[in-house]
Amino acid sequence: MIPELGHFALALALGFALLLAFVPIAGTYTGRVVWMRSGGSLAAGMFAFLLLSYICLTYAFLADDFSVAYVAQNSNSLLPIHYKFSAVWGAHEGSFLLWTLIMAGWTVAVALRSQGLPLDMLARVLGVMGLISIGFILFMLLTSNPFDRLLPMSPADGSDLNPQLQDFGLIVHPPMLYVGYVGFSVAFAFAIAALMSGRLDAAWARWSRPWTNVAWAFLTVGIALGSWWAYYELGWGGWWFWDAVENASFMPWLVGTALIHSLAVTEKRGVFRSWTVLLAIATFSLVLLGAFIVRSGVLTSVHSFAVDPERGFYIMVFLLLVVGGSLALYALRAPVMRADANYDGLSREVMLLVNNVLLVVATAAVLLGTLYPLIYEAMTGGDKLSVGPPYFNAVFVPLMLLLLIAMAAGPLARWKRTSFDELWRQLARIAVVSVALGVVLPLMFAGALDLWAVVGVSVAFWIVLSLIQDTLSRVAHKGDWSSRLAAVPKLGAGYLGMWVAHFGIAVSVIGISMVVVYSDERDVRMMPGDTVEVGGWDFRFDGIRQVDGPNWSADEGIITVLKNGRERMTLLPQKRHYPVRGMIMTQAAINPRLTRDLYVALGEPLGGQAWAVRVHYKPFVRWIWLGALLMALGGVMAAVDRRYRRLAERAAQRRESVAGNLAEGTS
Amino acid sequence: MPWGSKRKSSRMHPKRKQRLLVIGVLVGGVGLTTALVLNALNENINLFYPPDQIVAGMAPVDQRIRAGGVVVEGSVFRETGSMMVSFLISDLDGSEVPVTFEGILPNLFGEGQGIVANGRLGADGVFVASEVLAKHDENYMPAELAAMRGRKPPMGNEVDSGSNGYSAGG
């Protein structure tokens, strides 16, 4: 009964989405204020019924209702209760329900937080989000209904949640990622609404900036969580594989990064408007393309859901409608909006243009590498190939290096015009100091020099020092040091957010270069008593013991770690066996520190008492994710800048007085 | 003010000239990048060969390629004293290719499981794998292998827990 209620709620949500897509926008054409105002309540209705639907599915999991096919495939009566909550988004159908619910959540958020928006603009934005929601809900009802029953032959017990998903990282990774993905629909809706109205002005950019920043921050955290999860859960010690599904999340992130910078130029200077609109369209299109890659299973990946041509076809059609529709609208409307460019060959505008070009080219390169297997298969009539990580590294790293170098100069450059001499005067010293640090620090840490470590650390300091330089010059007019320091918080949340995010990039860059260059890894065969040295630490294998969990049993390796002959810690990696699915899982044992991880994973038993053991020494690997968290924090800081709220309040006041005048005029 | 002086001396409208320069640099940069990207792509693709093509000698020797198939029951052999392992992969249609690999096999590797391996084919017909991939969902078949045979996901309690050739004693 409850699953049918969930299914029914889903259908009702579709009804609300249809109304939401039609009524408010129709109101803007017919001038009916009531129709335009209906967006908020329709969005709330859609959200309420999706939430109900979601609760019904959760209930089916908690009640072990294995007559529901999705529950039977992804749960088991022995599954710990917290995993029953997270199993709801453990596979395709449920995760898409969560995705759609989050979409409705964003729609409601926009309705609630947009008092400053002109009524017709809000109506259009909500209408566009309603249109997108139709696509999502319909997709679920037509191809991926999570409430399908297995009747009358329902199984006695479920086939369990994929053990790899029975983990904290996988509980939080998909929701974060989805909030980010779907959040870009807000930027998209604002862009489409602006195109519809022809009012593609600074105000439009100002409205969309905070939303885009928040979506970007969530996507950043989501990607970082995925990387962290892959690191400790897959047991290979890798943190990025250039896998098709990783790329699917990374491409919207790259273009989204370009978008938040381009929006800044459009808001502050009124230029790049058409380009910004295109980026907003591109970002959301890449989100949908990502959904296509992940959910159709057309590309071989460690993450993808099972192959399903029907779902792939549906998303492809939806993607083409969204891209085609928005580009057609763009072609119709864009020529109307001419920007009066007023900037020089060297200015902050141009620096941000460089940022945009590099990010878009990098995205295009990743896109090509990701889709090339499909293109090749289509061209040759069925031959298959894969594109290896060396391609992505060869293309991506040089582009990012250019971007990072430009990143230091960007904040220092002024709007409209900046003189090369002035920039150079500020940067020359920084260049020298950062290269010196880039040589000295890796040398001190590892006692050996490597070109990439020098490059990475130098570039990171190049960015950090230029940020400090920029802040100092901004507060230089304050007299003494204490009042200068006191002036820093007054630079504004927007500026400080940029500072923190850029600082986060530098932190990640240090992490990436150190871990790539100085990692040490050994796959060894170990008998009890054997010792292996990795990264200056000795790992002694003390044998295997049996341990049992609620729905698994495991072989647990006992590894004693020694430094200079003294026992320092014991690591307990596990090889877990989940009987319901008959699956084996590696549970790596990690000793994390700020400057290094010690990482041990069990391979397989090699006969007798010997085991294959994988031992890693990973310097600075935490910095990669720490940097990502700083980036996300920066994005959120910039989004809560009081400026946006003040502007919204002022606009709301203005609108009220206008509405008052109108009311007087019509009565 | 270097920009000011240029502005007066040029005949073309300075803004247009500047924009032309920017566009020129952009086009040049994008062109160069495209060339580099395509070159990198060309050098880093791994073509997939199913067992029958490898047996028929259609796969290039000593080039990075991808091979895939189902691990033949009873063919997995581990050398004692090292990390070397060898096994046969089959297309379940009569063609089998011997594979060697040194290192730790993925969790889902097992007899009767579909795998994909990156590596090089030796002149002796043995595929030397540098990486072995098995998928982390046992219902999932790599796209390359899906064409070889239809495979229904196991449902409910039909799961055969012994099928992966390894059982944790517990």
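Chain A averages a pLDDT of 88 (the predictor's confidence in each residue, from 0 to 100), and 95% of its residues score at least 70. This is a predicted model, in which local features need pLDDT of at least 70 and side-chain atom pairs count only at pLDDT 80 or more, while totals for chains, interfaces and linings use all residues. Residues are numbered from 1 along each chain as its sequence is written, with chains lettered from A and ligands numbered from 1 in the order in which they are written.

Confidence in chain A bottoms out in helix α19 (residues 642-666), at a mean of 65, and is highest in helix α18 (residues 621-639), at 96. Helices here are DSSP runs of H or I with at least four residues, strands are runs of E with at least two, and both are numbered from the N terminus. Where pLDDT is low, the predicted coordinates should not be read in detail.

On to the helices: the axes of α10(A) (residues 273-296) and α11(A) (residues 309-333) come within 9 Å and cross at roughly 175°. Such axes are lines fitted to C-alpha atoms, for helices over the stretch in contact, with angles from 0 to 180 degrees between N-to-C directions. The two helices, α10(A) and α11(A), are therefore roughly antiparallel to each other (the label for angles over 145 degrees).

As for strands, β5(A) (residues 553-563) and β6(A) (residues 566-571) pair in the antiparallel sense over 5 bridges; pairing takes at least two bridges found by DSSP. One bridge partner in β6(A) is L571(A), matched with I559(A). The two strands β5(A) and β6(A) form a hairpin with 2 residues between them, and N564(A) in the turn has a positive phi of about 50°.

Methods: Angles under 35 degrees count as roughly parallel, over 145 as roughly antiparallel, 65 to 115 as roughly perpendicular and the rest as oblique.
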